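This report describes selected packing and pairing features of one protein chain. The sequence and the structure are shown first, and the description follows.

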Amino acid sequence: MRIVIAGGHGQIALRLERLLAARGDEAVGVIRSTEQAGDLRAAGAEPVVLDLESASVEEAAQVLRGADAAVFAAGAGPNSGAERKGTVDRGAAVLFADAAQLAGVRRFVVVSSMGADPDHPGDEVFDVYLRAKGAADAYVRSREALDWTILRPGMLTNDAGTGLVLLTVSTGRGPVPRDDVAAALLELLDTPATAGLTLELISGNVPVSVAVKDIAGN
């Protein structure tokens, strides 16, 4: 498979790229800076420099053409202000979804956030972030031309993955290693029957592959 990943230099994206490359798939990471390209190549991915905050839909679609699936894993980052929550966490997600539709790429997986809600109250930057992610998720869900799956992990950690998770519509709060989020994304990409689902993910006691098959009804 050829998988194009927005936010290709992110911690989850790099892990996913390594998993894809290890099994012989073609991972393409969309990044903002040429300085990040070496890290992607080391992960076995092809870097493509494109700033999704300023790119056109047509430019993003050009990167996506011929792909089997797209993954939106970009984010403004914890140290960014409220404005970039709008331009990246919402705006870039909308652009990438439109570009996937234009390029004819149906399978579209989003790394969202637990608590994402377009109507989330509050004025803190994190409140703005949850509204932006919620608005992006709502937009993706409205695209009938996309076979979308939205994954909302709990509190992300850099602990070594256990391969054991809880994956369901509502898990409650909890941590999850980024390793296990990447493993879940890989399984979701392989499981088209998860299209149309918005799922939460935390650490649990079910192997990732089994958890995805269970939620897909397989």
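Two strands are taken to pair if DSSP finds at least two bridges between them. The model discussed here is predicted.

**Pairing of strand 8**

Strand 8 and strand 10 (residues 197-203) run antiparallel and are joined by four bridges. Strand 8 also runs antiparallel to strand 11, to which two bridges join it. The table lists one opposed pair of residues for each partner strand.

| Residue in strand 8 | Partner strand | Residue opposite |
|---|---|---|
| Leu166 | strand 10 | Ile202 |
| Val165 | strand 11 | Val206 |

The side chains of strand 8 alternate along its length. Val165 and Leu167 are buried and point to one face, whereas Leu164, Leu166 and Thr168 point to the other face and are not buried.

**Helix 7 and its cover**

Helix 7 spans residues 208-216, and its buried residues are Val208, Ala211, Val212 and Ala216. Viewed down the helix axis, these buried residues fall within an arc of 130°, so they line one face of helix 7. Strand 8 (164-168) is among the elements that cover them, as are helix 6 (178-189) and strand 11 (206-207). After helix 7 comes Gly217, which has a positive phi, near 80°.

**Nonpolar cores**

In soluble globular proteins, nonpolar side chains tend to be buried together. In this model the largest nonpolar core has 33 residues. Leu16, Val71, Leu151, Leu185 and Leu201 are the residues with the most contacts inside this core. Helix 6 supplies the largest share of the core, with seven residues. Another core, of 32 residues, lies apart from it and includes Ala6, Phe72, Ala92 and Phe96.

Leaving aside residues up to four places away in sequence, Leu151 touches Leu167, Leu185, Leu199 and Leu201, among others. Further contacts of Leu151 include Val110, Val111, Ser112 and Ser113, as well as Val181, Ala184 and Leu188. Leu167, one of these contacts, is a buried residue of strand 8.

**Gly77**

Gly77 is found in the loop between strand 4 (69-72) and helix 4 (82-103). Is Gly77 buried, exposed or partly exposed? Its relative accessibility is 28%, so Gly77 counts as partly exposed, given that buried means under 20% and exposed means over 50%. Gly77 and Lys133 are 56 residues apart along the chain, and their C-alpha atoms are separated by 12 Å.

Key
Residues numbered from 1 in each chain as written. Predicted model: local features only at pLDDT ≥ 70, side-chain atom pairs only at ≥ 80, totals over all residues. Heavy atoms only, no water. Buried < 20%, exposed > 50% of the residue type's maximum accessible area, 1.4 Å probe, protein only. Arc of directions from axis to C-beta. Contact = heavy atoms within 4.5 Å. Core = buried A, V, L, I, M, F, W, Y, C linked by side-chain atoms within 4.5 Å.
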